[in-house]
Amino acid sequence: MESYLPDGLESIRFFTGKINDARIFNRNRKRKMMTLQTSRGCFGSCSFCARAYPGLRVHSMGYLFDLIEYCIDAFDAGFFSFGDECFVPNIKRSWEFIKECKRRKLDIIFKISGMRVDTVNPEI
């Protein structure tokens with residue numbers, strides 16, 4: 001697996017100028033980045049999108065966070081990349097993700113590859 005897990009800090013270095021989170025540069029942070037899919041597809045039908053899968057199928061939050069914890073323990077992952085086309089399909093799922101991350105007391109840094117702008121707000 002070592003060959004497949006990039007250095008998380010190096011992977012997000014481009015974005016760190018816009019992010020003010022000292023945890024990113026903490027010397028004790030596990031440096032490996034794991035890429036996970038939390039869902040497949042999207043519910044939208046945007047004319048500009050080359051969607052790979054019709055419809056949307058999502059993993060449960062329990063499954064997703066069990067997988068995240070496994071990756072932390074098994075592979076020393078401290079950074080995550082969520083490679084979904086549509087990371088969260090609605091604001092309710094955004095809050096479920098935030099609450100579960102807090103409930104499990106996970107200190108992870110993550111980036112999202114695809115997300116609809118109408119599924120977030122300033123509060124999130």
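**Group meeting: a walk through the model**

Hi everyone, let me start with a single residue: Arg-13 has a relative accessible area of 40%, so Arg-13 counts as partly exposed. Before I go on, please keep in mind that this is a predicted model. Arg-13 sits in the loop between α1, residues 8-12, and β1. If you want a distance from there, take Thr-35: Arg-13 and Thr-35 are 22 residues apart along the chain, and their C-alpha atoms are separated by 16 Å.

Now let's move on to the core. Which residues touch the most other members of the largest nonpolar core? They are Met-34, Phe-65, Ile-68, Phe-80 and Phe-82, out of 19 residues in that core. Four elements each give two or more residues to this core, namely β1 (32-36), α2, β4 and α3. The largest share comes from α2, with seven residues.

Several of those names are phenylalanines, so let's talk about rings. Searching the whole structure turns up eight aromatic pairs. One of them joins Phe-82 and Phe-97, with ring centres 5.7 Å apart and 85° between the planes, an edge-to-face arrangement. Phe-82 is in strand β4 and Phe-97 is in helix α3, 15 residues away, so this pair links distant parts of the chain. Are these two residues buried or exposed? Phe-82 and Phe-97 are both buried.

Phe-97 has another partner. With Phe-110 it makes an edge-to-face pair, this time at 5.3 Å centre to centre and 75° between the planes. Because Phe-97 is in helix α3 and Phe-110 is in strand β5, this pair ties together parts that are 13 residues apart in sequence. The two partners do not have equal access to the outside. Phe-97 counts as buried because its relative accessibility, 5%, is under 20%. Phe-110, at 35% relative accessibility, counts as partly exposed. Both rings also belong to one aromatic cluster, made up of Phe-65, Phe-80, Phe-82, Phe-87, Phe-97 and Phe-110.

One more ring before we leave the aromatics: Phe-79. Arg-29 lies over the face of Phe-79, 5.8 Å from the centre of the ring.

Next stop, the pocket. The largest pocket in the model has a volume of about 250 Å³. Which residues come closest to its centre? Among the 14 that line it, the closest are Phe-97, Ile-98, Cys-101, Phe-110 and Ile-124. You will recognise Phe-97 and Phe-110 as the edge-to-face pair from a moment ago. Two elements give two or more residues to the lining: α3, which spans 91-103, and β5, which spans 109-112. Of the contributors, α3 gives the most, with five residues. And for those of you who think in side-chain chemistry, the lining is made of 11 nonpolar residues, one polar residue and two charged residues.

Let me stay with Ile-124 for a second. Ile-124 lies in the segment after β5. Its relative accessibility is 32%, so Ile-124 counts as partly exposed. Ile-124 and Ile-98 are 26 residues apart in sequence, yet 8.4 Å apart in space from C-alpha to C-alpha.

There is another pair from separate stretches of the chain. Thr-38 is in the loop between β1 and β2, the latter covering 39-41. Thr-38 counts as buried, because its relative accessibility is 1%. Its C-alpha atom is 9.0 Å from that of Cys-86, a residue 48 positions away along the chain.

Last topic: backbone angles. Which residue has a positive phi of about 55° although it is not a glycine? That would be Asp-76. Asp-76 is in the loop between α2, residues 61-75, and β4, residues 77-82. With a relative accessible area of 42%, Asp-76 is partly exposed. Lys-105 is another non-glycine residue with a positive phi, near 55°. Its place is in the loop between α3 and β5. Is Lys-105 buried or exposed? Lys-105 is exposed, because its relative accessible area is 74% and the cut-off is over 50%.

That's my tour, thanks for listening!

Terms used
Residues are numbered from 1 along each chain as its sequence is written. This is a predicted model: local features need pLDDT of at least 70, side-chain atom pairs count only at pLDDT 80 or more; totals for chains, interfaces and linings use all residues. Side-chain values use heavy atoms; hydrogens and water are left out. On a 1 Å grid over the protein atoms alone, a cavity is a set of points where a 1.4 Å probe fits but cannot get out, and a pocket is an open set with protein on both sides within 12 Å along at least five of seven lines; lining residues have an atom within 4 Å of a point. Grid points are joined across faces, edges and corners, and a volume is the space filled by probe spheres set on the points. Ala, Val, Leu, Ile, Met, Phe, Trp, Tyr, Cys and Pro count as nonpolar, Asp, Glu, Lys and Arg as charged, and the others, Gly among them, as polar. Buried means under 20% relative accessible area, exposed over 50%, partly exposed in between (1.4 Å probe, protein chains only). Rings of Phe, Tyr and Trp (its six-membered ring) pair if their centres lie within 6.5 Å; planes under 30 degrees apart count as stacked, over 60 as edge-to-face and the rest as tilted. A charge sits over a ring if NZ of Lys or CZ of Arg is within 6 Å of the ring centre and within 35 degrees of the ring normal. A nonpolar core is a set of buried Ala, Val, Leu, Ile, Met, Phe, Trp, Tyr and Cys residues joined through side-chain atoms within 4.5 Å.
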